[in-house]
Amino acid sequence: MTRHRTLLLAILLLLLAPAAAFGEENVRASVERHLMRLERGAVRLGPTADDALVRVELGFGWRDRAALDQFVRAVNDPHSPQFQRYLTPREFARRFAPPARQVAAAARYLRRAGLRVVRIGASRLSVVAEGPAARVARALDTGLIEVRDQRGVHTVTAATPVLPAELGAQVVAVGAATALQPPGGRAVRQALADAPFDPAEIGRLYGFDALHAAGVRGSAARASTIAIATAFDFDPADLTAFWRAHGIARELDSVETIAVEGTQQPPPAVSPMDRMETTLDVEWASAMAPQSRVLVYSGGDALSTTFLRIYDRIVTENRAAVLSTSWGRCETDYPQSYLNQLDAIFTRAAAQGITVVAAAGDRGAFDCGGETPSVSSPASHPYVLAVGGTGLFPAADGFEELAWPGSGGGTSARWKAPQWQMHPSPQRTMADVAFNADPASGYLIAFGGGWYAAGGTSVGAPIWAALVALANQARGDAGRAPLGLAAPQLCELALAPRLLPAPFADITGGDNGAFSAAPGWDFPTGWGTPHAAALVDALAHWTPDSSGVGGLAEVVRLVPVGDQPAGAVRLRFQRRCLTTDLDVHARGLQPGRYTLWLDATAAASFDVGAGGEAILSVPHVDLRGERVQLTDGDGDVCFARAGDVPPTGTPGAPLSVALKNTGMVNGASGTLLYRGGGGREQLTVRTAGLPAGAYDVRLGSETIGTLKVVSSERETALQFDSLGLSGTPLRDSPLCKSVMLVRGGSAYLRSAADALAPGGCSDGQRRA
């Protein structure tokens with residue numbers, strides 16, 4: 001059963017419209033364009049009645065956001081003295097919560113506008129008020145209109161709401177809407193004898209059984225407590241039937257339900273499919289971490305604003321170190337003000353050491369529909385562990401695991417890449433990890449007195465949450481803090497050389513409709529599925545080094561600008577997860593003081609003496625997307641990022657080698673052109689059809705340069721010349737080793753040694 005839920009946005013704000021005033025025709029056109037994007041067949045009904053009751057929610061950001069972002073990075077950096085020294089809720093509120101006077105001023109503004117303040121969030125992130133539509137419209141300086149689609153009648157704003165700037169607030173929501181039904185999910189009733197996977201079978205397949213046998217079963221401590229963010233409740237009788245059938249010794253008081261008020265009055269009708277989602281999450285989280293406490297934060301509806309309240313309450317109460325949710329929606333359906341609130345909550349979670357886990361979605365690479373790849377929120381947020389999906393198939397030695405076609409995964413249109421992301425895109429890419437999700441290899445659930453088979457990434461999310469809870473127990477036993485932001489540390493484990501047994505099963509086959517699974521990280525399955533016992537042991541005992549081995553390297557050459565005398569500057573950027581370092585080597589420069597700039601940030605300043613040379617290292621620098629320049633003591637730009645150092649001659653005759661497509665993308669191709677002789681070598685790599693991004697060019701295991709692809713529709717070339725800064729030939733001829741184009745740890749194009757042009761390498765020299 002495809003189980004990833006899609007939330008109906010609680011409001012249909014036109015927050016992407018220009019802030020200028022609209023004429024009547026522009027209002028109508030903007031509304032109609034928005035409706036066509038959200039739902040075909042939506043009808044504009046006319047202005048909202050002046051006396052209709054309408055709810056409005058204002059949101060605030062944290063104080064000193066720059067300091068908060070710096071803290072989150074440090075507290076999750078294993079090389080920082082602040083590593084995993086998380087904040088308590090009280091400490092966080094004292095340092096970063098919006099001032100009480102600011103929130104009170106916004107509440108006064110709403111009351112003076114004739115609205116009733118319904119709620120001020122305990123975290124001080126929001127103020128909710130309601131009143132007649134005419135008063136809401138005046139308070140927000142916009143008109144309100146009604147639209148109808150297949151889900152009912154909704155209130156939307158006719159133009160971007162406007163608030164007094166001194167309030168420092170944004171409009172998060174206006175009006176309310178009914179909840180979405182499950183998007184085409186299936187639940188197949190099963191006789192128990194014909195059941196799909198049960199907890200014991202999943203435990204054996206993924207290594208949970210070894211953890212349970214060793215006493216790693218979870219606990220009632222905060223570190224091992226799982227908070228499930230969901231809509232609607234579940235029947236305790238289903239839960240006890242599930243436990244009893246599978247020999248799970250638990251008591252009902254180990255699962256606590258916390259009701260969170262919804263936004264819609266009266267509440268919408270709740271279908272069995274809606275309650276089945278909550279039932280599924282609770283049953284499988286409680287089964288895979290059989291002694292962990294489970295807190296079920298249940299909303300009165302499935303509106304996006306209700307889920308904001310659920311997330312905020314979980315993080316503010318801080319009773320659980322793991323938060324799991326299986327509900328989501330196309331990320332571009334949300335206005336930016338909503339995503340800003342979501343970001344504030346998840347940033348606080350990272351600061352307090354809470355791991356947030358979310359299903360990546362069940363619509364493959366096209367979560368928003370259509371033919372353009374898109375992803376789901378909240379899984380797309382950088383501080384969320386996005387769980388993609390696989391399928392299990394019988395094989396001679398047990399099971400083969402492939403990427404599930406329904407697995408969400410792709411590039412976010414809303415969030416920038418976090419610093420630990422190994423994929424070179426400047427935007428956040430997902431999934432991070434994966435778990436079985438194919439309905440054909442699905443899961444047993446007890447529901448409504450019967451047994452059902454279920455599938456989807458929304459099963460993988462609570463199981464991964466249970467795995468984090470077990471890891472937190474083991475970490476506590478080893479004297480370590482909870483995992484917190486999981487993705488950076490999982491990245492370190494995935495790239496750790498010689499870490500045995502391996503913590504992940506690397507999924508290399510299958511696709512999600514636009515992206516294929518491949519060695520290393522990939523879109524549908526991230527780093528892969530867990531070997532649970534090995535992963536938990538590594539998280540509890542292993543410490544990453546700072547060598548950057550197994551990461552990505554980028555070499556950038558700066559060339560003289562203007563009348564600057566000849567010289568050479570080479571930057572080598574090494575990145576592995578949260579370890580980012582920049583080595584600077586300058587030669588032939590005039591003596592004096594120089595400053596290295598990344599966009600408008602001064603990354604380092606250094607002095608060049610009479611010898612004209614300087615060598616230095618700059619920690620925690622990320623070159624992705626940066627404009628790189630070197631200025632002299634007068635502030636003039638003297639070196640800048642450009643092409644390779646121009647050659648002074650051409651050695652030998654060229655040899656051409658085809659670069660073969662490894663299957664990561666369809667239609668990609670490339671050619672290697674090589675010239676060598678007289679102790680000097682030149683190499684040119686030309687490609688076509690590769691997605692935009694940066695690709696490491698590797699000669700065997702050595703990275704010799706970075707190919708920047710601007711567009712898949714344009715040919716791109718990289719030239720390497722041994723007369724560059726190194727001044728020495730390549731260690732091995734490219735005719736004696738394979739050449740690979742690698743991005744995110746995965747090879748996109750590759751030349752095998754036996755496919756190289758003849759005459760450049762003897763049989764004794766040739767090696768893969």
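Q: What makes the contact between the side chains of Asp 77 and Arg 73 a salt bridge?
A: Their N to O distance is 3.1 Å. A salt bridge is a side-chain nitrogen of Lys or Arg within 4 Å of a carboxyl oxygen of Asp or Glu, so this pair fits the rule. Both Asp 77 and Arg 73 are buried, too.

A quick note on the source: this is a predicted model, where local features need pLDDT of at least 70, side-chain atom pairs count only at pLDDT 80 or more, and totals for chains, interfaces and linings use all residues. Residues are numbered from 1 along each chain as its sequence is written, and side-chain values use heavy atoms, with hydrogens and water left out.

Q: Why is Arg 576 called buried?
A: Buried means under 20% relative accessible area, exposed over 50%, and partly exposed in between (1.4 Å probe, protein chains only). Arg 576 comes in at 1%, so it counts as buried.

Q: What about Glu 492, buried or exposed?
A: Its relative accessible area is 3%, so Glu 492 is buried.

Q: How do you know that Arg 576 and Glu 492 form a salt bridge?
A: Their side chains meet at 2.9 Å, N to O, so the 4 Å rule is met.

Q: Why is Arg 593 called partly exposed?
A: Arg 593 has a relative accessible area of 42%, so it falls in between the two cut-offs.

Q: What makes Arg 593 and Asp 607 a salt bridge?
A: The N to O distance is 3.0 Å, so this pair passes as well.

Q: How many salt bridges does the rule give?
A: The count comes to 13.
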